[in-house]
Every structure is written in structure tokens, then in C-alpha cells.
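Hi,

Here's the structure I said I'd pass on. Have a look first, and my notes follow underneath.

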Amino acid sequence: MKFELFAEIRPGTGKMRPKQSSLLLTTILAGLTFTPFTQAESQDTPAKRGLSSWINPSDIALEPILLSSEQLDEAQIEDLLQTSAPYKIGSTKSSLEKYYEERSGTSLDQFGYTRLNTTNAQPQKSDRSLGEVQDTYILGSGDEISVTIRGQENSNSTIKISSDGQLIIEDLAPIPAAGRTIKDVREELQSLLGDYYNTDIFLSLTKTKQLNVRVTGNVATPGDITLSSYDTVMDALIAVGGVSKTGTLRQIKLIRGSSSTIIDLYGLLVFGSATSDITLRDGDTIQVGPIGPTIAIAGAVKRAGIYEILPAFNPQWKESGETSQKLSLDDLMMLAGGSLAPGKHRYIRMAPDQMGRDTTEDIKETDLKIFRDGDILNILKGKEVRTNAVELSGKTRADGVYSIKDTPSLSYLLSDETILTPDTYPLIGIVERWNPSQLSTELISFSPKKIINGEADLRLRESDRVMLFTRAEIKSLGAPESALNENALKLASLNTNTYGASDLEQRDEESRTKSQLAPNIKHFLLEHSAFIRGSVRNSGAFPIANGTTLDSLLATAGGPSLEASLGNIEITQPLGEGQNKRANIDLTNTPARTITLHPGDTIRINQKFRRIEDNHVLLVGEVRNPGTYDLLPGDTLSKLIERAGGITEQAYPKGAIFSRKTERMREEQRFRSQARDLELKLASALSQKDDDKKPATDEVTLAQSLIADLKNAEALGRLTVEADPGMLAANPDMDILLETGDRIYVPKRPLTVRVAGEVLSPASLQFRSGKKPLIYIDEAGGFTYNADQDRAFVVYPDGSASPLAVSAWNHSADMIPPGSTIIVPRDPKPLTFMDGAKDLSQILANLATTAIFADDIANDH
């Protein structure tokens, strides 16, 4: 145990005040590590004497530990002082406890010591109320008595018994009080008042005398203590912090004058007898010697532990070579408070021999006195067997134990549907039964629904356990660990839909439920599964009992879906040896309740039409009726424009933006992949050991900004299409088929050319025929410092692109029509430190294009 006091100890007081910075010195004593001294006090003998009540100063060994103010500030030290556990005997395992634990394999505590060992124990106060003092209380010098006289004379006074034991009351002769009871003193005073007519005297104790008692030996803090005259030996031991585990509780010596008395605290601790706890007197000495012989009791008892027994000083106990009394099994069970519960027990004695080996024997005779010092008694409780009863367990409103006389069969146990809850699985339950002829447990399936409806019953036997399950438990069964072949039917949960984020809590609950099913129960349920697939709301595997009907299985699976073809139900039944039988059932003519199913059957419900899905596209911009339109197979762009009432006079179909959902998903995936690639390259560059190869702070910031842009970019997914209704009518092969999620934007006819990207003033500029790209860029303020002039390009209204001749290295664009966008991308040179990264120029150009045209669609919405 380690006590780090991080403080300056004031000698003799045990009080501490924190030191902000000091050289703490560790004191190691008897396996305990203290750090009570500062550097200044390390050689201070008076400071060492402040611990004289704990240890012998000559036993102190000093080992320096340096803690500076940088390591512990004042607040941290104060926190340590507030939260550190106070010194307490018994908070660690003693050598004796370790010895018995090693032999028995069980953690055992020495009995009685925790009841005596208290934290910061203080002597009891001497003041008590009048009701707490009995007439048998023996007065002594220093006691204060309230004397009240009523009658012919009236007076009220508080008188202290003098040092010579006299009680002196005015107008009365002194009487001896010390060593006498309150009752005796009262009677004598009443007799002295006999000459006074109709006068009574009343005595009450207002303050008790102080006792000085010395406690020595194996206690926490031996020394002199001050107690009240009410205190007993137990109070004194508690006041000094308790008896150490090396001290005796049964051979405590109370020395009073020239006589001594042996006190056995087990009378009080075990049997509750207060006669073994003697009231103290001034000048008494309590001497706690070393612990005597011991014995350990472990196992199924109410108070397992290590008990001290008496030494062999009594002739009737003592035999040749014996060091302790001998006890019987009855004696030990009395010490341990008896067994935990009635029933069959085994009593095992472990006795050490002179070679250090334990001999083990079963004890049958309870009164035979054979247990002695060092023995261990281990009580093993036999497994309880329930008789004349059955148990109902699982998700029910009435689970528990029932008399077999009241519930001879399942129909009595499951009398009506109110026994079940809405979450109870209705298609299978299990009866767990012990088979005495086979000496094993057998499992019997039944249908709770059929039992409740009176369609089936099962006779119960003594100790049967009836198990019902929840839908969540059935759902958690999952898939089998192996399949017989590629076409083997795979077990699934009740709901085969993919889990979303909102289902995480439900999945955790299912995982916990799954772990609660015993393996044999889980396998039994898997073996009894039937499988339903196709047009049903919850397809998957459903454990069933023999004789379950198709209507019950369909109801548990949520019923057929809207598109189900009830006239064409396939049922496949295994016949054994790899043979199967398949039948087609028409439920419009054959009621489902007449079709009996068996474990292993597979039911497929076909569709009579395709499931209706929410297929739609979005058309906005310069059309007469913009909005969302549903799709049918074969719908084209021209049909959509026609349904929308055609385009307006201001429409510019050549600049239409056609965004496809699948392309948007690919583009977003590409952006994320590029972001991950850049993150890896940035991390690699930052991990360079050579500072010259590490990127500068501004380069890192730029790279992080680009990575964030890629992660947050909204994909456009643009396709180049023909959107002019006239052109589409003349060239039907150019009319693109629509898909769900398509977005079409038809802009107004523009008279401008837009300049964006790394220019000083991005703007939309007036279109003029023959105007060169560089002129447009100059009108937008020209290139910025970060512009990549060599890779400037133009995006035409239909979405196609071409490089511009704004540098000697590029091809020239033949013409820039109205509605085009000139884009000047950012120069990737500041990011070239990320060797091996993908083409940064292409990434920067794609980001610029995506941002511009995504804003066009968003603004029109």
C-alpha cells in the first residue's frame, strides 16, 4: 500500500498543510510506503517523532523522490489531499489471508477486524442525556450531578464529585459518592432529608468523568487515549483505529490495578453478548497480543472467513503436540452463521500435515471434534432440484413456477391469449424435459397459438421448463455458420431489409438478445425453421412447430404484399436423402388454414405485377410548367418537354443542363476518392524527417482547403444532350431516354459570356461576335496570381469543353458563342510537394466547373 501525503506533517497532530514544491522523501516500512517528509524535515528527529504513535523512528528508511512545482501545482496537491484514502488497517490482504487464499482458491477475510477498524475514529463524548443514565451507573471523581430539592426546601444546583469522592450539598452533611451507584446516593440523600416535611430530592448526571486508558500491542495507533466513563473495551479499540490483523480478538487482556481479565470479543461479534465487553475505568490498560490459532471456513455459508480459535491451554482440549483447541463441524457452522440455505451439502476438510501438504476428507459426523489450527472447512452445496412443479419462462405476463397439480398440461399453463404479450412469438415454444432413462435433456416443440386456441395440448411432467420466445429473439437467430451447398436455403432475420442509421439501437438490442439464447436452444430453433420468400412483407426464416398452418406463417411474416399472386404459391418440402417435393397452391380456391407446414418447408409467393416505384424526374427553367414528373418506361426528353407544355420563347435549349443521378453518384465517389488520395499524400509529406522536404504552413493550409472542397463538393453529373424540340423531332435517335432522378435545367437565351475561376473580377460580359477569349478575361480584370493560364478552357452551352488560346501552349477555340463560360483554373504548383497525387489540374478544373453549374440549377429552384 502506498500513502503519498504530499504535505508537511505537523508533529504530534497528524494534520497536514500542502507544500507547493518540495522534495518528498519516501518512508518504507513493513511493506507500506509513506511520503511524509519534506527535504527540510528529512533529518528532523522531532518531525520523525510525529509518527511515533505509528512506527519506531529507528525503522525509518529514506528514499528521495523529486516532485517540482511543474509536476504538481497547489490545486493538484489540494485535490490529492482531498481525494486520497485515509490510512486504514485491513484495507489490504494480510499474510494470513493470502496463505488461506492460496490453499483454498477462495478469497477470505479475517473475521471481525473490519467492524473494529474505522476511519478517523474519535473517542466518544462524555455528555449524555439523563435518559441514557441508569441507576446502576457507578459514580466517580469528576462526575457532575444536578441536585434538585422540592418541598419544604427548594433548591437546584450542579455539584461535581470532589477528588476525594465526596458529594457536598449545602446544608447537608457530605456523603461518599465515588464507587457508588446513583441509586445508592439518592437513597442516602433522601434519608438525610427525613427531618424535612414533604421534601423530595432528585439526582441526574449532567457530565461524566474523563477516563485515561492505555492501549498497547497490535492496534493501529497504540498509546494513551481519553474516553468517557461510559466507554467499553470495544470503544477503546475503535478509538485507536482498530486491531491490526496480526492481533488477537479472543485473548485481549484488560489490566486493572493488580488484576487482569481476558476478554473474548467473539462473544459480542459472533453471539451478540454484551457481557464480554467490559466498561472501562480510569487507569485501565488494554493489551492486544498476537493472533492465536486460526481456521478458515469457505463455501456456502452465511459468513465465510478466517476465524481465530483458542489455544490449547484447557486440559480437556490439549493433546500431545496440539497447539489449539479442537472444534467440531457444528462448532464451525455456528461461527459461520450456518449454511446459506437448507439442502444437501458436502463438508470437506483440508488439513495441512508436517510436510506442508493438504489432506482432504469428507466429514460426516457433525459432533466429532477434529478441526484444529490451520484447517479449512469447505461447504459445497448440492444443486437444487425442483419437485412437483413446472416453470414458465420467456416473454409472458405470468412467467414463474407453477404446481404440477394445477397445471398438468400446456392448456392449463397457457389458458388464454392474455398470458402472452404482443411481442411473444406465436409459432413455436419449447418444453425442456429431463429424460431419466437417457440421463439427458430433451426438447419438445409446440405451437403456442394452437395451445391457446384449443387445437393441441401436451401433458407436462415434473420439473418441465416451458419456454416462450420474443420476436426479437427469433429475429436475432441469424444465418447458419455453414450451408450444405450453394443452393442451400440460408436462414435470415424476420426482416431482410438493410439497416439504416435509425436501426442501430435495435440491432444492439438484437445482439444482446441473441447472446441470451443457449446454444442448444438456438440450434433447435434453427432446425425447425420454415422459409418464406417472394412477395411477402417480411421474408426470411421462421421457426415453426409441426402442424403449423400457412395462414399462421403468413400472418407472422406480415402478410402478402400488394403485388402478391395468391393464385400461384409454391411450397417445397424436403423428403430426405436429397429429395424434394414441390407443389403449387391456389389460395383463391384453397384456404391457407388447411395447408399444414413442417420444419424445412420453403414457401414462395410470386408476383402478379411489378412493384410500383417512385420514378420521377425534375424539369426546371424556361418551360411552361416546370416541376417534378413521374416516369413510365420509354419516356424521353422530348415527351417530357411536351408534357411540360413546351419551352418558352426565351428558352435557350442549346444551353440545357442535363444532370443524371448515376453520373452524380460516380462523380461524388470520384471526388471522395481524390480527397482520400490527397489526404494520404499530405500525411506522407508531413511525415518527412528532412525539414527541407516538409511543406510550408501555407501549402498545408491550401491542401487542407482543397481536400475539404472535394469532400463537400456537390456533384453535377452533367451529360451533353440535345434539348431543342425541333431537333429532337427531326432526329429521334438524339432523343435521350429518361431515368429516375434526372434533373433538366433549360436556361434563358443568354447575351453574355461568363468568366469564372482565377480572375480578378469574375463576371458575365456582353457577347460580341469575333471577340477573343483573352479580351473577355481582360474585361474580367485579368488573371490572378494563382491562375493557371496554360490550362484555361471554355465550356460551351451544351456542356462540351475546349482549351483556349490564351497562352502559346494551348489550342485555340474557334468561336465562343453566347452562354459559354470561360474558366481559368487554379495553378497546382503550390501543391506539387504531394508527389504521386492524381492530376491536380484536372481536379481543380472539375471543382470549378461543378461549383458554377450547380449554382445555376440551385438558383433556378
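Let's start with a loop: Ser463 sits in the one between helix 10 (448-452) and strand 26. Helices and strands here are DSSP runs numbered from the N terminus, with H or I over at least four residues for a helix and E over at least two for a strand. Before going further, note that this is a predicted model, so local features need pLDDT of at least 70 and side-chain atom pairs count only at pLDDT 80 or more, while totals for chains, interfaces and linings use all residues. Residues are numbered from 1 along each chain as its sequence is written, and side-chain values use heavy atoms, leaving out hydrogens and water.

Back to the loop. Ser463 isn't a glycine, yet its phi is positive, near 75°. Ser463 is partly exposed at 35% relative accessibility (buried is under 20% relative accessible area, exposed over 50%, partly exposed in between, with a 1.4 Å probe and protein chains only). Leu439 is another non-glycine with a positive phi, about 50°. You'll find Leu439 in the loop between strand 24 and strand 25 (440-446), and it is exposed, with a relative accessible area of 64%. For background, most residues other than glycine have a negative phi.

Now the charges. There are 25 salt bridges in the whole structure, each being a Lys or Arg side-chain nitrogen within 4 Å of an Asp or Glu carboxyl oxygen. In one of them, the closest N and O atoms of Arg349 and Glu361 are 2.8 Å apart. That pair joins distant parts of the chain, 12 residues apart: Arg349 belongs to strand 19 (residues 345-352) and Glu361 to strand 20 (residues 358-362). Arg349 is buried at 8%, whereas Glu361 is partly exposed at 35%. Add Asp375 and you have a salt-bridge network with Arg349 and Glu361.

Glu432 and Arg465 also form a salt bridge, at 3.6 Å from N to O. Here Glu432 in strand 24 (residues 429-435) is linked to Arg465 in strand 26 (residues 465-467), 33 residues apart. Glu432 has a relative accessible area of 21% and Arg465 31%. A further bridge joins Asp788 and Arg791 at 3.0 Å, with Asp788 buried at 5% and Arg791 partly exposed at 43%.

On to the packing. The largest nonpolar core (buried Ala, Val, Leu, Ile, Met, Phe, Trp, Tyr and Cys residues joined through side-chain atoms within 4.5 Å) has 46 residues, and those touching the most other members include Val215, Leu237, Leu265 and Ile286. Helix 6 (residues 233-239) is the biggest contributor to this core, giving five residues. Beyond its neighbours within four places in sequence, Leu237 makes contacts (heavy atoms within 4.5 Å) with Leu116, Val219, Ile252 and Val288, among others. There's also a second, separate core of 33 residues, with Ile430, Leu525, Ile544 and Leu550 among its members.

Last, a sheet: three strands in the order 8-7-11, open and antiparallel (two strands pair if DSSP finds at least two bridges between them). Strand 8 (155-160) and strand 11 (200-207) are the edges, each pairing on one side only. Strand 7 (residues 144-150) pairs with strand 11 over seven bridges, and Ile149 has Ile201 as its bridge partner there.

Cheers
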